[in-house]
Amino acid sequence: MVDIFNKPVVGVIMCRQQLGPHPAMTLQEKYLKALLEAGALPFPLAHGLVEDEQCLTQALDLCDGLLLTGSYSNMEPHHYGETGEEPHTDPGRDRLSLQLIAVARARQLPLLGICRGFQEMVVASGGSLHRRLHETGLFEEHREDKNLTLAEQYAPAHNLVPQAGGLLSRLVGTEVQRVNSLHMQGTRAVGDGARIEATAPDGLVEAISLLDHPFALGVQWHPEWQSRDNHLSRALFDGFIQACRHYRASQGEI
């Protein structure tokens, strides 16, 4: 049972967007709702924290876990060894997310990465990305149809099977799962610092975990969408928040 008077604090990365004439830090409500409904207290993390080590340390001392959300932006390709321009980047987010992953590894802080956050974990593990999956000729279509309603865009799109013995299978078993698919980029290679947790029928990596870490899971799909209405999504967030509570207890907070 969740202790409503002492919820674990989850640091949530934000995205930089332009709102009219003003640069802004934004967080989509669906991520905040998923955390709140799973029993956590969201704590937004501004990009500027990465510029001040003392401020970043102070902020992370308050956190019992970290959530790397999805985003409309893409990582700058130089982070995974490619050159050339990439539209819709967010350099501040790149810098902060890679630093957060490093801190999560060092502190054994629970970490959940979703879509872009999953891709950030792939890159941090030493892996690389396909910048345009639909141009490779190797995979099925993984982008959403933006002409559809949101409910239709976030509907299950393909199967995946969690790999036996992994973190994901400990949460949901090894039965076939159905997940949504709303991404243009995807994993080209996973680095030595990560374990593949699940793949799509076309072979695309859909989930990874970081090695030598009690709970550091990245998923390519969007479990935050109506997270309490789906068994897999509910299990992911409940497992993540339980790991955050264990971390909090290990620090002597509860």
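Trp 221 makes a good starting point: leaving aside residues up to four places away in sequence, this side chain touches Ile 114, Cys 115, Leu 160, Leu 168, Val 179, Asn 180, Glu 206, Ala 207, Leu 232 and Leu 236, where contact means heavy atoms within 4.5 Å. The model is predicted, so local features need pLDDT of at least 70 and side-chain atom pairs count only at pLDDT 80 or more, while totals for chains, interfaces and linings use all residues. Residues are numbered from 1 along each chain as its sequence is written, and side-chain values use heavy atoms, with hydrogens and water left out.

## The nonpolar cores

Trp 221 also belongs to the largest nonpolar core, which has 30 residues; Val 10, Leu 35, Leu 168 and Trp 221 touch the most other members. A nonpolar core here is a set of buried Ala, Val, Leu, Ile, Met, Phe, Trp, Tyr and Cys residues joined through side-chain atoms within 4.5 Å. Buried means under 20% relative accessible area, exposed means over 50%, and partly exposed is in between (1.4 Å probe, protein chains only). Two or more residues of this core come from each of strand E1 (9-13), helix H1 (29-38), strand E6 (111-114), helix H6 (167-172), strand E13 (216-219) and helix H7 (231-250). The helices (H or I, at least four residues) and strands (E, at least two) are DSSP runs, numbered from the N terminus. H7 gives the most to this core, with eight residues. Apart from this core lies another, of 29 residues, including Ile 13, Leu 45, Ile 101 and Val 103. In soluble globular proteins, nonpolar side chains tend to be buried together.

## The sheet

Nine strands form an open sheet of mixed pairing, in the order E4-E1-E5-E6-E13-E12-E11-E8-E9. Strands E4 (41-45) and E9 (177-179) are the edges, each pairing on one side only. Two strands count as paired if DSSP finds at least two bridges between them. From one strand to the next, the twist averages 25 degrees. For a closer look, take E8 and strand E11 (residues 194-199): two bridges join them, and they run antiparallel. Val 161 has Thr 199 as its bridge partner in E11.

## Aromatic pairs

There are two aromatic pairs in the structure. Rings of Phe, Tyr and Trp (its six-membered ring) pair if their centres lie within 6.5 Å; planes under 30 degrees apart count as stacked, over 60 as edge-to-face and the rest as tilted.

Tyr 154 and Trp 225 have ring centres 4.4 Å apart and planes at 15 degrees, so this pair is stacked. The two residues are 71 residues apart and link distant parts of the chain: Tyr 154 sits in the loop between helix H5 (150-153) and strand E8 (158-162), and Trp 225 in the loop between E13 and H7. Tyr 154 counts as buried because its relative accessibility is 13%, whereas Trp 225, at 22%, counts as partly exposed.

The other pair is Phe 215 with Phe 240, with ring centres 5.9 Å apart and planes at 40 degrees, so this one is tilted. Here too distant parts of the chain are linked, as Phe 215 lies in the loop between strand E12 (205-210) and E13, while Phe 240 is in helix H7, 25 residues apart. Both Phe 215 and Phe 240 are buried.

## Salt bridges

How many salt bridges does a search of the whole structure find? The search finds 15, a salt bridge being a side-chain nitrogen of Lys or Arg within 4 Å of a carboxyl oxygen of Asp or Glu. Among them are these:

| Salt bridge | Closest N and O atoms |
|---|---|
| Arg 116 and Asp 94 | 2.8 Å |
| Glu 120 and Arg 116 | 2.4 Å |
| Arg 143 and Glu 141 | 2.9 Å |

Arg 116 appears in two of these rows. Arg 116 lies in helix H4 (residues 116-124) and Asp 94 in helix H3 (residues 91-107), 22 residues apart, so to speak a link between distant parts of the chain. Glu 120 and Arg 116 are four residues apart in helix H4, so about one helical turn separates them. Arg 116 is buried at 2% relative accessibility, Asp 94 is buried at 0%, and Glu 120 is likewise buried at 0%. Not counting residues up to four places away in sequence, Arg 116 touches Thr 69, Gly 70, Ser 71, Ser 73, Asn 74, Met 75, Asp 90, Arg 93 and Asp 94.

Arg 143 is partly exposed, with a relative accessible area of 38%, and Glu 141 is partly exposed at 46%. Elsewhere, salt bridges that share partners join Glu 82, Glu 86, Arg 131, Arg 132 and Arg 188 into one network.

Conventions
Axes are lines fitted to C-alpha atoms, for helices over the stretch in contact, and angles run from 0 to 180 degrees between N-to-C directions.
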